[in-house]
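Me: Can we go through the cysteines and the charged pairs in this one? I'll put it up here.

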Amino acid sequence: LISSLEPDFLAVACFPRLIPAEMTNIARVAALNVHPSLLPMHRGPDPLFWIMRDGGEGCGVTVHALSDQFDAGHILAQRAVPYPAGARESEVETVVAQAGAELLTGAIDAATTGTLQASEQDERHATYESWPRAVDFTVSTDRPVLHAWNFIRGVAQRGIPIRIKTARHSTLVVDAQDYGYGSAPADPAPDELIVTFEDGWLRAVRPGEIRGRHVG
């Protein structure tokens, strides 16, 4: 079917399977992928999770040529994207997707006019992460509170409890409501938990307290 269309370009975004060369070679000009990270960092099927786990650091999008390895083709366009503090994953995805769409159309225009430039990825800085496991939904209190705020707010929509680890114990939360620096609030609500981090405090929601209520 694709061969019958005789396409100039083949473009994919967030496709979790390796596309074989016999398909990418059908594109007469280029076969492109829009990947929501600053490659070569965060190669793999779920880069937004790992960006959120890093507290939003390294947020961005890359358009690269499809190759015989996951997310390893030549970089054709790339842009860092400011991470919206405390954003839900769906919000981050929208911001990154909009930037990716602009980069993709720009790359296609440049390829059409013969001005598209490609650069090899630096394998020294390459990282690859697979699908997250339950143990990856963990944040330690020895990290900055803003990292925890961004991570918990971001992944809360996935419906998987997040474990906050302190020096002596750990506790499960399902969302974060607020954070700050200086003195922590003294009287949290019954369904809340105040957790102290290395540079501030976080107001988190305990599991089981928000059933039937949309997390948004």
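Me: How many disulfides turn up in the whole structure?

Reply: Zero: this is a predicted model, and a search of the whole structure finds no disulfides in it. Cys14 is in no disulfide, and the nearest cysteine sulfur, that of Cys59, is 12 Å away. Because a disulfide needs the two sulfur atoms within 2.5 Å, that separation of 12 Å leaves Cys59 unpaired with Cys14 as well.

Me: And is Cys14 buried or exposed?

Reply: Cys14 is exposed, with a relative accessible area of 56%, whereas Cys59 is buried, its relative accessible area being 4%.

Me: Switching to charges, how many salt bridges does the search find?

Reply: The search of the whole structure gives nine salt bridges. One of them joins Glu123 to Arg43, where the closest N and O atoms are 2.8 Å apart.

Me: Where do Glu123 and Arg43 lie?

Reply: Glu123 lies in the loop between helix 4 (89–113) and strand 5 (138–140), while Arg43 is in the loop between strand 2 (30–35) and helix 3 (47–53), so the salt bridge ties together parts that are 80 residues apart in sequence.

Me: What about accessibility for Glu123 and for Arg43?

Reply: Glu123 counts as partly exposed, at 48% relative accessibility, but its partner Arg43 is buried, with a relative accessible area of 9%.

Me: Which residue does Arg124 meet in a salt bridge?

Reply: The side chain of Arg124 meets that of Asp122 in a salt bridge, at 2.8 Å from N to O. Arg124 is exposed, at 72% relative accessibility, and Asp122 is partly exposed, with a relative accessible area of 26%.

Me: OK, and what does Arg203 pair with?

Reply: Arg203 forms a salt bridge with Glu192, and the closest N and O atoms of that pair are 3.0 Å apart. Since Arg203 belongs to strand 10 (residues 201–205) and Glu192 to strand 9 (residues 192–196), the pair ties together parts that are 11 residues apart in sequence.

Me: Are Arg203 and Glu192 buried or exposed?

Reply: Arg203 is buried, with a relative accessible area of 17%, and Glu192 counts as buried too, at 14% relative accessibility.

Me: Last one, which residues are linked in a network of salt bridges?

Reply: Asp46, Glu89 and Arg158 are linked in such a network, with Arg158 as the basic residue and Asp46 and Glu89 as the acidic ones.

Note on methods: Residues are numbered from 1 along each chain as its sequence is written. This is a predicted model: local features need pLDDT of at least 70, side-chain atom pairs count only at pLDDT 80 or more; totals for chains, interfaces and linings use all residues. Side-chain values use heavy atoms; hydrogens and water are left out. Buried means under 20% relative accessible area, exposed over 50%, partly exposed in between (1.4 Å probe, protein chains only). A salt bridge is a side-chain nitrogen of Lys or Arg within 4 Å of a carboxyl oxygen of Asp or Glu. Helices (H or I, at least four residues) and strands (E, at least two) are DSSP runs, numbered from the N terminus.
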